[in-house]
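Subject: Structure handover

Hello,

Here is the structure I said I would pass on. Please load it first, then read my notes on the two ligands and a pocket.

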Amino acid sequence: MLEVESHVALTGFNSFGFAACAEHYVEIERLEQLPELEAYLRQQPQPLLLLGGGSNLLLAEQLPGLVARICLKGRQVSVEGERVLLTLAAGENWHESVEYSVNQGWYGLENLALIPGTVGAAPVQNIGAYGVELCQRLRAVQVFDRERAAFTRLLTAECQFSYRDSLFKSIAPERYIITALELELSTRGSLNLSYGALQQALAETESPLTPRHVFEAVCRIRRSKLPDPLQLGNAGSYFKNPSVSADHHARLKQDYPDLVSYPDGERFKLAAGWLIERAGWKGHRQGDVGVHAHQALVLVNYGGATREQVLTLANAIVADIAHRFAVTLEMEPRCYPSLD
Ligand code: FAD
Ligand code: NAP
């Protein structure tokens, strides 16, 4: 049975802490509710927002239609030799699931510690941190396909993963309701220490390094730089890192020898946080919104801000970065309802 409520406040369900109100709201706790949900939406057509932990969303004050929060729980493990197949239901907490896998001594998820939100949202923007992306650890995504009104399974290659993007984010949003992830981990393996900050944090740690060492180092670094959404509303990185041509990169490097950039095939990835900091925005405050003092990529709500205020600040930053560096910044979180 679907229990649809009306006029539900979602202030506690979005990490920016916006005072958003859902016209209709339902919690999905069992798989059997998904065909019912689809039947309901076909009978009463209306916009749908799938909600996990709300940590990658900019919500308007009034949300038309139905918000369905995915609360499916459960975990299954099968171990074959060194290979571990961990299946997690979509409503499980991501960080707790990473911690569980590290507690078992498994390799694979340690770099993705302390990312807020649910398991089900993790493939949507192919979460990534410290040189690891979710798609590298994923065998398949279990979904309910709304178009076919059927449960199915998409192999990783079918999900069109790229940098902070996937089939679920930009190609077919709201078509697939992610119900579970099948992750491939390992009881033995190698650690990814490619990021300088991680190497520095572990420089004094005695070998052999384990997934737990990396997990704890990632948690330490993140706690020192990133605002806790429970204390200061935010959605993590507000902008994606831009990619520029080799020529453009060479020109920037000439003007700004300390530019932070990384080769990315024939192009170069620029650290968006560096551009924003270099332009003088770090720590800037405009009423109830601002740019975080320890991490220029994070826009924050000091309390009582609306998404319009955040968008106004973000637009000013985008215009300034375009003017100074001829680089277009794109926002990473999703606006709902969308702005166009
Ligand atoms: P929500 O914000 O609820 O939803 C995000 C999107 O997924 C929406 O489009 C929603 O409709 C869709 N969705 C949610 N559940 C489902 C489902 N079951 N099926 C289909 N679609 C669904 N991201 C990174 O990649 N790397 C980081 O290091 C990182 N660090 C962060 C740090 C902070 C402090 C914060 C606040 C955010 C950070 N993020 C990071 C962004 C965010 O945590 C991730 O994108 C996370 O996966 C969002 O999970 P969520 O459950 O909160 O999703
Ligand atoms: P950082 O370590 O200070 O690095 C700054 C930027 O340089 C990052 O954006 C990162 O790109 C890039 N970078 C650093 N070392 C690199 C290397 N060896 N190879 C390629 N690129 C490199 O970044 P931070 O802000 O403290 O964040 C640490 C990690 O957590 C990053 O991976 C970041 O993406 C992730 N994070 C994401 C969010 C989010 O909401 N999406 C929020 C907080 C942190 P990448 O971003 O491509 O990794």
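Ligand 1 is surrounded by 34 residues. The closest are Leu 50, Gly 53, Ser 55, Thr 118 and Arg 222. Bear in mind that this is a predicted model.

The polar contacts of ligand 1 include two to the backbone. A polar backbone atom of Asn 56 is 2.8 Å from an oxygen atom of the ligand. For Pro 116, a polar backbone atom is 2.9 Å from a ligand 1 oxygen. There is a side-chain contact as well: a polar atom of Gln 125 lies 3.0 Å from an oxygen atom of ligand 1. On its own, ligand 1 has 980 Å² of accessible area, and the protein covers 94% of it. Strand 3 (48-51), strand 8 (128-129), strand 12 and strand 13 (233-237) are the elements that each give two or more residues to this shell. Sorted by class, the shell holds 17 nonpolar, 13 polar and four charged residues.

Now ligand 2. Its surroundings comprise 17 residues, with Arg 164, Tyr 195, Lys 225, Lys 269 and Gln 295 the closest. Tyr 195 also makes a polar contact: an N or O atom in its side chain is 2.5 Å from an oxygen atom of ligand 2. Two contacts go to nitrogen atoms of the ligand. From Glu 332, a polar side-chain atom lies 2.7 Å from a nitrogen of ligand 2. From Ser 194, a backbone N or O atom lies 3.2 Å from a ligand 2 nitrogen. The protein buries 80% of the 790 Å² that ligand 2 exposes when taken alone. Two or more residues of the shell come from each of strand 8, helix 5 (211-225) and strand 13. The class count for ligand 2 is six nonpolar, six polar and five charged residues.

Last, the pocket. The second largest one has a volume of about 230 Å³. Its lining has 15 residues, and Leu 31, Ala 89, Gln 142, Thr 179 and Ala 180 lie nearest the centre. Which elements give two or more residues to the lining of this pocket? They are strand 6 (75-80), strand 7 (83-89), strand 10 (138-145), strand 11 (150-155) and strand 12 (176-186). Strand 7 gives the most, with three residues. By class, the lining of the second largest pocket has seven nonpolar, six polar and two charged residues.

Best regards

Note on methods. Residues are numbered from 1 along each chain as its sequence is written. Chains are lettered from A and ligands numbered from 1 in the order in which they are written. This is a predicted model: local features need pLDDT of at least 70, side-chain atom pairs count only at pLDDT 80 or more; totals for chains, interfaces and linings use all residues. Side-chain values use heavy atoms; hydrogens and water are left out. On a 1 Å grid over the protein atoms alone, a cavity is a set of points where a 1.4 Å probe fits but cannot get out, and a pocket is an open set with protein on both sides within 12 Å along at least five of seven lines; lining residues have an atom within 4 Å of a point. Grid points are joined across faces, edges and corners, and a volume is the space filled by probe spheres set on the points. Helices (H or I, at least four residues) and strands (E, at least two) are DSSP runs, numbered from the N terminus. Ala, Val, Leu, Ile, Met, Phe, Trp, Tyr, Cys and Pro count as nonpolar, Asp, Glu, Lys and Arg as charged, and the others, Gly among them, as polar. A residue is near a molecule or strand if one of its heavy atoms lies within 4 Å of it. A polar contact is a pair of N or O atoms within 3.5 Å; within protein, one must be able to donate a hydrogen and the other to accept it, and residues adjacent in sequence count only if both atoms are side-chain atoms. Accessible areas come from the Shrake-Rupley method with a 1.4 Å probe; for residues, only the protein chains shown count as cover.
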